[in-house]
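Subject: Handing over a structure

Hi,

Here is the structure I promised to pass on. Have a look at it first, and my notes follow underneath.

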Amino acid sequence: MWPPDQEPDPEPGPAPARAGRSPPGAAMPGLRALLPARAFLCSLKGRLLLAESGLSFITFVCYVASSASAFLAAPLLEFLLALYFLFADAMQLNDKWQGLCWPMMDFLRCVTAALIYFAISITAVAKYSDGASKAAGVFGFFATIVFAIDFYLIFNDVAKFLKQGDSAEENTADKAEEENSDSESD
């Protein structure tokens, strides 16, 4: 299970102190604070961001080992951006920094990543003949699918949010018209 459960000490009595070492089951609280919460990692958005990060890193490594090394900047950039959004969502920075439009930034990141991965994957598979380029192209196609799923889900969430806002505005406008027509008929 994540995070690993701490095992109880076999003896409840005082344990002998080791010079400068913590007990083997004890975790350092400072480092544990940097890990995303288990609930976020098990959510759909967390799993998508983990998949995006993992596929981007694997694609980057394949491009480094291939003769198509001209394409390695895109997977590296997407890997770093996916990690940033993973930790930003896990630490709830979107709630803390209200001035940024997080859904739009995430949507644009996913759309551009899907398009770029699709283009460089086709080029890597068609133009280069070494195995690492072919593997990078295949992992790039998988990354394209994951990024496309992510931007589709973000688009649906934003569309639902905008529809709720429009229906609320229409209801207030209808109520205002009814009140105006009632006051005019008196």
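To start with, what share of the contacts in the chain with a separation of 6 or more comes from residues 24 or more positions apart? They account for 72% of those contacts, where a contact means heavy atoms within 4.5 Å.

Some housekeeping before the details. This is a predicted model, in which local features need pLDDT of at least 70 and side-chain atom pairs count only at pLDDT 80 or more, while totals for chains, interfaces and linings use all residues. Residues are numbered from 1 along each chain as its sequence is written, and side-chain values use heavy atoms, with hydrogens and water left out.

The overall picture

The chain has 7 helices and 0 strands; helices are DSSP runs of H or I with at least four residues, strands are E runs of at least two, and both are numbered from the N terminus. Of the 186 residues, 27% are buried. Buried means under 20% relative accessible area, exposed means over 50%, and partly exposed is in between (1.4 Å probe, protein chains only). About 12,500 Å² of the chain is exposed, and carbon and sulfur atoms supply 66% of that; the areas come from the Shrake-Rupley method with a 1.4 Å probe, and for residues, only the protein chains shown count as cover.

The unreviewed UniProt entry puts "transmembrane region" at residues 57–87, 107–129 and 135–155. Positions are in the numbering used here, feature names are shortened, and such annotations may be inferred rather than shown by experiment. In the model, residues 107–129 are 91% helix and 0% strand, with end C-alpha atoms 34 Å apart. Residues 135–155 are 100% helix and 0% strand, and there the end C-alpha atoms are 30 Å apart.

Helices 3 and 6

Helix 6 has 26 residues and spans 37 Å from first to last C-alpha, close to the 38 Å expected at 1.5 Å a residue. That expected span is 1.5 Å times one less than the number of residues. Helix 3 (residues 44–65) has 22 residues and reaches 32 Å, close to the expected 32 Å.

The buried residues of helix 6 include Asp-106, Arg-109, Cys-110, Ala-113, Ala-114 and Tyr-117. An α-helix has 3.6 residues a turn, so residues three or four places apart point the same way. In helix 3 the buried set includes Glu-52, Ser-56 and Thr-59.

Two residues of helix 6 are good places to zoom in. Cys-110 counts as buried because its relative accessibility is 0%. Leaving aside residues up to four places away in sequence, Cys-110 touches Glu-52, Phe-147, Asp-150, Phe-151 and Ile-154. Its C-alpha atom is 5.4 Å from that of Phe-151, although the two are 41 residues apart along the chain.

Tyr-117 is buried too, with a relative accessible area of 1%. With the same neighbours in sequence left out, its contacts include Ser-56, Thr-59, Pro-75, Glu-78 and Phe-147. The C-alpha atoms of Tyr-117 and Phe-142 are 9.1 Å apart, with their positions 25 residues apart along the chain.

Rings

There are 10 aromatic pairs. Rings of Phe, Tyr and Trp (its six-membered ring) pair if their centres lie within 6.5 Å; planes under 30 degrees apart are stacked, over 60 edge-to-face, and the rest tilted. Tyr-84 and Phe-85 are edge-to-face, because their planes are at 85°, with ring centres 5.5 Å apart. Tyr-84 is partly exposed at 36%, whereas Phe-85 is buried at 5%.

Phe-107 and Phe-155 form a tilted pair, with centres 6.3 Å apart and planes at 35°. Phe-107 lies in helix 6 and Phe-155 in helix 7 (residues 131–185), so this pair ties together parts 48 residues apart in sequence. Both are partly exposed, Phe-107 at 21% and Phe-155 at 48%.

Ring pairs also link Tyr-63, Phe-71 and Tyr-128 into a cluster. Then there is Arg-109, which lies over the face of Phe-85, 4.9 Å from the ring centre. For a charge to sit over a ring, NZ of Lys or CZ of Arg must be within 6 Å of the ring centre and within 35 degrees of the ring normal.

One oddity

Most residues other than glycine have a negative phi. Gln-92 is not a glycine, yet has a positive phi of about 55°. Gln-92 sits in the loop between helix 4 (73–90) and helix 5 (93–96), and is partly exposed at 48% relative accessibility.

Cheers
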